[in-house]
Structure formats: structure tokens, C-alpha cells
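Trainee: I should like to work through this structure by question and answer. Please begin wherever you consider suitable.

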Amino acid sequence: KDVSEQQETGYTYPPAASFQDYDRSYKYDIDGEGEAPMVAAAAATASSRTPTTTTTILTFATGHDKFARLQLLSTHTLYDLVATLCKYTPVGYEGNEGPDDHLWHLNYRGHEYQSRSDYVSPSPIRANKTKLERLSLERGSLFMLTYDYRTTSTYQMTLLESRDANDEDDLSSFPRNQLKYGIPATYQKYQPHTNCSYNLLDAQYSYLNDWIFHNATNVAANIFQAGRKKNYGFMDNKFTMMYLPTKPDNLANWLECFNRAASTKPAGVEQEGYTHYTWQSIVPLPRCNLTQQLMKKYKSNEKHGFCDAPIVEDHASYPGPLAVDLQKIFPKIAALAGLRKDKRVPKGWISFNRRKDTGTGDQQYELVISKGNARESRKTKAPKGLAFEGENQHESVEEPLFQISNGIEIRGLHDLFCVVEGLLRTL
């Protein structure tokens, strides 16, 4: 019967799957009330051949919410995975929709797992009948959710890690969102001697400080070079993107590039009191490393307030700078940026994400300090010469040096650098 149906429909079942994975197929159970006898028998036979294994805890990350760490048991289904994604991350219209509000399918290794048993589709595999333990998951396994066929939103989930459950795990608490805390026991917040009574970086780079911590509710800030890519920093607050395509000559000028970019007003704000566009690209070009090639690529099509490419002078040339050497104040961060050598601190970058929880109004953040090479980003059809070039390039291939969610209070740029410097001193 299986062979004849494959010949009739042209559908080939996944080789490693059992009938339990798709016994809600519309060919056998249109109303979802129960399986046909032959399918039930096949499922029972397949189940009897499946060895009993220890329950495994699976941890997933999501592409649209860097704070989420979704944890499920291997006995949960793909439907449970989508339901957990909807519960703890923004999905659908205004981020408030659930697994039963729209049709959807989950793609894994080329197979589509459908949301509902009564929906006639090319794929008979059902998410609510497919347990995670049946999928031979491994670290890096990727799921792509296509949600609501009218608006067709897509969401990516990646398996970060798996481990066997132990006696200390409360299995009744799963599925859950378990934010990751990675603060070393020897960590102490760094307190630099700046000879001033205020937070040095917050004042010296006030535009950047406000841009990251005060002006928007959802911010991603990546500082320093992503592996070997020509990407020395990228920031996004869902309205403005800032991308640094060349390396400044010192830490003060590095921050000044983003500080000047953050001070660039979008078109319409100062004249009419509202923005003319729904998006702004800013590519700061440091004077210390300016070339004709950079000028041609980023300045030739510049349109102020929409596509900006400001030339940034040395930090010392702007009003109010203190005569301090940031590379001496933050030596470990300077080593991370590749501006000095350190036996313990490798070259890498900082990724800081901040958002406001729409339910509680609380501030949430994730801090990741990475090293080594960055993952290859997907090709984009965006026009050249815009900040889009720096998007999705700061994902590390290797395990991060540190990854922390909400375990340390960070109120501003100075706090951020003191926390990072303190963490790097534990290496």
C-alpha cells in the first residue's frame, strides 16, 4: 500500500521516519479523530522497534529574538516547538499570535510538517504527531517556520545544545524559555580611573549612548571586526542601520565613528517634525583611513537624511574631548579590537542587544563576546553602498567567549565597556 500510494501521489516518505510522524495524513485521517487500522498497526510496529532512551533537554535559539532560549524535551512534538516559539517570542501580527491562529508549516531537512490534520496539502506529515526525538537532531539543526500564508512571515530556529535530563531537572517545567546566564565566578565589574566624576564614555559619546540605550526600544549593536570580514561594526534599531566598512586607527576614533553616525538626523525631523522615510542608512567613513574607493562607493549616491556617509574626523577634533587614552583605560577591549596584543584575550567582537518587553515593560538584553571567524551571511538583493552590507555578519562560528542575558546591570555605554573589560579580565 505504501509503494502504490507513493507511485500514485509522487510523495516519498522520509527514509528515517516512522508512521508516527505522519499518521494524521489527510489520506488516512481527514477529521483528525483517529487513525485508520492499517496506519495504527504500522505505527505500533514502528514503536515496538524503537528503543527506550533517556529524555533529552533540547535548547533552541531563534533568529528574530536573540534573548530567547527555548527549551523542550525530546518527547515534545514539533507543534510544541512552534507553540513555545509563539508564547515566548513575537510571532504574527503585532507579535501576539499563537500556533492555532493561522495555518503554518515547519521545514526541516527539506520536509514540510503541517500545522493541522484537517488541512489538505502536498505534505501529509503533521507537526502535532512528530516528536523531536524522531528527527535525529544535532547541534546546529535548523528549522524554518512559515507562518500565516496570507502575510507569509518566516521564523528561524536553531538547536544550540542537547543534554540528558537528570534528577535536578523539573521536567514538568518544560517547555520553557530559559535565558542563559554566563557570568564567571571570578568576575568583578571593572572600575577604571578616569579622573572624572561622571561616566566617561556616556559623556564623550553622548549621541551613541542615547542611540543604544534611550532612543529606541529594540537595538542591536555589534562593535569591532566580524572575523576576517570587512565589517568593523554594525548597529540597527529597526529604523536606522549604521555600518562601519573600514578600520579606525584607535579605540577613541572607533567609537567616534558611530557617535557621529548616531548624531545624523533623518530627513524631515528638523524641518517638518516627522521623518520623510521609514528607514535610514548611515555609513561613517573615518578620515584616518579614507580612500578614493570608499568615497566612490558610499559618497557618490549620498542623499542626506536617507543614505548618509559622513566623513568622521579624529575624536580629539570635536568639542569637549578629554585627554585620555581609551586603549590604556580599557586594555583588554583594545586587545579584543585588535589594537594591541594580549596573551589571554583573542581578537574578536562585542554584540549587545537590548529590547523592551512588551508585556512587562522591563528592559532585556543579551551580551555576547565572540572570537574567531564569523558565519557566512545569506546573500542580499539590497543595493550596494548602503548599511545593509553589514547586516547578519556578526554571528560567530565558534562558541562565544561569554554569553550573558540580564545577569548584570548595564545602563549605558560606559557600563557596557566596564562589564566587557571585567569579563575579559577573567580569561
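**A residue in a strand**

Mentor: In this predicted model, S351 has a relative accessible area of 6% and is therefore buried, the cut-off being under 20%.

Trainee: Which strand holds S351, and which side chain joins that of S351 in a polar contact?

Mentor: S351 lies in strand 15, which covers residues 348-356. Leaving aside residues up to four places away in sequence, S351 touches A221, N222, E366, L367, V368 and H394. A polar contact of 2.7 Å links the side chain of S351 to that of N222.

**The protein as a whole**

Trainee: What share of the 427 residues in the protein is buried?

Mentor: The protein has 10 helices and 17 strands. About 21,800 Å² is exposed, and carbon and sulfur atoms supply 46% of that area. Among contacts between residues at least 6 apart in sequence, 66% join residues at least 24 apart. Of the 427 residues, the buried share is 49%.

**Helix 6**

Trainee: How many of the 12 residues of helix 6 are buried?

Mentor: Helix 6 comprises residues 251-262 and reaches 17 Å from its first C-alpha to its last, close to the 16 Å expected. Its buried residues include L251, W254, L255 and F258. The helix is mostly covered, and the buried count is 11 of 12.

Trainee: Which residue caps the N-terminal end of helix 6?

Mentor: The cap involves the backbone nitrogen of A252, and A252 is itself buried. A side-chain oxygen lies 3.1 Å from that nitrogen, and the residue supplying this oxygen is N250.

**H102 and its surroundings**

Trainee: Is H102 buried or exposed?

Mentor: H102 is placed in the loop between helix 3 (78-88) and strand 3 (104-108). Not counting residues up to four places away in sequence, H102 touches E97, S115, Y147, D148 and R150. The relative accessible area of H102 is 15%, and because the cut-off is under 20%, H102 is buried.

Trainee: What is the length of the polar contact between the side chains of H102 and E97?

Mentor: E97 is among the residues that H102 touches. Another of these is S115, which is 13 residues from H102 in sequence and 8.7 Å from it in space, C-alpha to C-alpha. The polar contact between the side chains of H102 and E97 has a length of 2.9 Å.

**Salt bridges**

Trainee: How many residues apart in sequence are the parts tied together by D415 and K189?

Mentor: D415 forms a salt bridge with K189, the closest N and O atoms being 2.6 Å apart. D415 lies in helix 10 (residues 413-424) and K189 in the loop between strand 7 and helix 4, so the pair ties together parts whose separation in sequence is 226 residues.

Trainee: In the salt bridge of D169 with R163, how far apart are the closest N and O atoms?

Mentor: The structure holds 13 salt bridges. D169 is buried, with a relative accessible area of 15%, whereas R163 is partly exposed at 36%. The closest N and O atoms of D169 and R163 are separated by 3.0 Å.

**A nonpolar surface patch**

Trainee: What is the area of the nonpolar surface patch made by Y198, L322 and V324?

Mentor: Y198 lies in the loop between strand 7 (176-177) and helix 4 (200-204). At 39% relative accessibility, Y198 counts as partly exposed. Together with L322 and V324, Y198 makes a nonpolar surface patch of about 220 Å².

Methods: Residues are numbered from 1 along each chain as its sequence is written. This is a predicted model: local features need pLDDT of at least 70, side-chain atom pairs count only at pLDDT 80 or more; totals for chains, interfaces and linings use all residues. Side-chain values use heavy atoms; hydrogens and water are left out. Helices (H or I, at least four residues) and strands (E, at least two) are DSSP runs, numbered from the N terminus. Buried means under 20% relative accessible area, exposed over 50%, partly exposed in between (1.4 Å probe, protein chains only). A polar contact is a pair of N or O atoms within 3.5 Å; within protein, one must be able to donate a hydrogen and the other to accept it, and residues adjacent in sequence count only if both atoms are side-chain atoms. Contact means heavy atoms within 4.5 Å. The expected span of a helix is 1.5 Å times one less than its number of residues. Patches are made of residues with over 30% relative accessible area and no salt bridge: like charges are joined within 9 Å, nonpolar side chains (Val, Leu, Ile, Met, Phe, Trp, Tyr) within 5 Å. Accessible areas come from the Shrake-Rupley method with a 1.4 Å probe; for residues, only the protein chains shown count as cover. A salt bridge is a side-chain nitrogen of Lys or Arg within 4 Å of a carboxyl oxygen of Asp or Glu.
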